[in-house]
Every structure is written in C-alpha cells, then in structure tokens.
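Reader: I would like to go through the labels used for this model one at a time, asking what stands behind each of them. Please set each value against its definition before you conclude.

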Amino acid sequence: MKFLADVNIEKTIVDELRMLGYDIVWIVDENPYLDDMSIFKIAQNENRILLTNDKDFGEIVFRQKLVSAGIILLRIKGQDTGEKIKLLRKVLISHHDRISKHFVVITKEKVRFIPI
C-alpha cells in the first residue's frame, strides 16, 4: 500500500508509517499550499491511498463521483495523535485487504468501510 498524507496529518503519524515500512508521501514536503482537488489528483495519479483529517474528501469522491485508490479519514475527537496512530495501526493490520477502493472512516468507536 502506498499513501499520500494530507497537510493536516501529523508528522508523527507520517514517521510511524515510514518506520513500519509503508511508502508514504507527505504533502507538506511537496507543496503545503495545494487545494484539496490538487491533493486528490496526486493521490489518484500515483495510485496512493489518501490519509486525511479532512472530511471534504468525501464530497469529492461521493458527490463528484471521482475514482480513488482509497481514502482513510481519521475522525478522532480531541485530535489525540497517539490514539490516531494506535487506531490506524489496528486498521492497517486487521483490515489491510479492505482499504483499497474504500472510503475508510476511523473513529474511537468504530471503523466504517464505504466502497468507492
């Protein structure tokens, strides 16, 4: 799995995924001023799963009906980075086969997999 981390994803999460051996590009390192559609298109062109805290990407996928390799939306109340890492690792390990071509919403209470 290859990832593209949105500008709102904490560096600690990016570092953790790199440490785990994932191929991840952090948009902050490329161009932190890109708009959501430009970020989406990079993920789309490079066949990367977009990792974000921004629910606006659901609008792009579902209302505009654009195809994506997948999107993981972290909706963790309080924005606790440690909690995000723990939940993300759990999803990547337990549900790695369900992430591609899905809009995955991770909360403290549950994980939803919505086909794209």
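Reader: Why is F62 called partly exposed?

Author: The relative accessible area of F62 is 32%, and a residue counts as buried under 20%, as exposed over 50% and as partly exposed in between, computed with a 1.4 Å probe on protein chains only. The value for F62 falls in the middle class, so F62 is partly exposed. F103, with a relative accessibility of 4%, is under the lower cut-off and therefore counts as buried.

Reader: How were these values obtained, and which residues are taken into account?

Author: This is a predicted model, in which local features need pLDDT of at least 70 and side-chain atom pairs count only at pLDDT 80 or more, while totals for chains, interfaces and linings use all residues. Residues are numbered from 1 along each chain as its sequence is written, and side-chain values use heavy atoms, with hydrogens and water left out.

Reader: How many aromatic pairs are there, and what makes two rings a pair?

Author: There are two. Rings of Phe, Tyr and Trp (for Trp, its six-membered ring) pair if their centres lie within 6.5 Å, and the pair is called stacked if the planes are under 30 degrees apart, edge-to-face if they are over 60, and tilted in the remaining cases. F3 and Y22 have ring centres 5.4 Å apart and planes at 75 degrees, which makes them an edge-to-face pair. Because F3 is in strand 1 and Y22 is in the loop between helix 1 and strand 2, this pair ties together parts that are 19 residues apart in sequence. F3 is buried, at 1% relative accessible area, whereas Y22 is partly exposed, at 23%. In the other pair, the ring centres of F62 and F103 are 5.4 Å apart and their planes stand at 65 degrees, so this pair is edge-to-face too. F62 belongs to helix 4 (residues 56-63) and F103 to strand 5, 41 residues apart, and the pair thus links distant parts of the chain.

Reader: What makes a stretch a helix or a strand here?

Author: Both are DSSP runs numbered from the N terminus: helices are H or I over at least four residues, and strands are E over at least two.

Reader: How do you know that the buried residues of helix 1 line one face?

Author: In helix 1 (residues 11-19), I13, V14, E16 and L17 are buried. Seen down the helix axis, these residues fall within an arc of 160 degrees, so they line one face of helix 1; the arc is that of the directions from the helix axis to the C-beta atoms. Among the elements that cover them, by contact (heavy atoms within 4.5 Å), are strand 1 (2-5), strand 2 (23-26) and helix 5 (81-94).

Reader: Which residues of helix 3 are buried, and why are they said to line one face?

Author: In helix 3 (residues 36-45) they are I39, F40 and A43. Their arc is within 100 degrees, so they line one face of helix 3. Their cover includes helix 2 (27-30) and helix 4.

Reader: Why are strand 2 and strand 6 said to stand at the edges?

Author: The open sheet has six strands in the order 2-1-3-4-5-6, with mixed pairing, where two strands pair if DSSP finds at least two bridges between them. Strand 2 and strand 6 (111-115) each have a single partner strand, so one side of each is left without a neighbour in the sheet.

Reader: What makes strand 5 and strand 6 a pair, and in which sense do they run?

Author: Five bridges join strand 5 to strand 6, and the two run antiparallel; I106 has V111 as its bridge partner in strand 6. Strand 3 and strand 4, by contrast, pair in the parallel sense over three bridges.

Reader: What makes R98 a charge over a ring?

Author: The rule asks that NZ of Lys or CZ of Arg be within 6 Å of the ring centre and within 35 degrees of the ring normal. R98 lies over the face of F113, at 4.0 Å from the ring centre.

Reader: Why is K65 singled out, and is it buried or exposed?

Author: Most residues other than glycine have a negative phi. K65 is not a glycine, yet its phi is positive, about 55 degrees. K65 lies in the loop between helix 4 and strand 4, and with a relative accessible area of 66% it is exposed. K101, also not a glycine, has a positive phi of about 65 degrees, and at 40% relative accessibility K101 counts as partly exposed.
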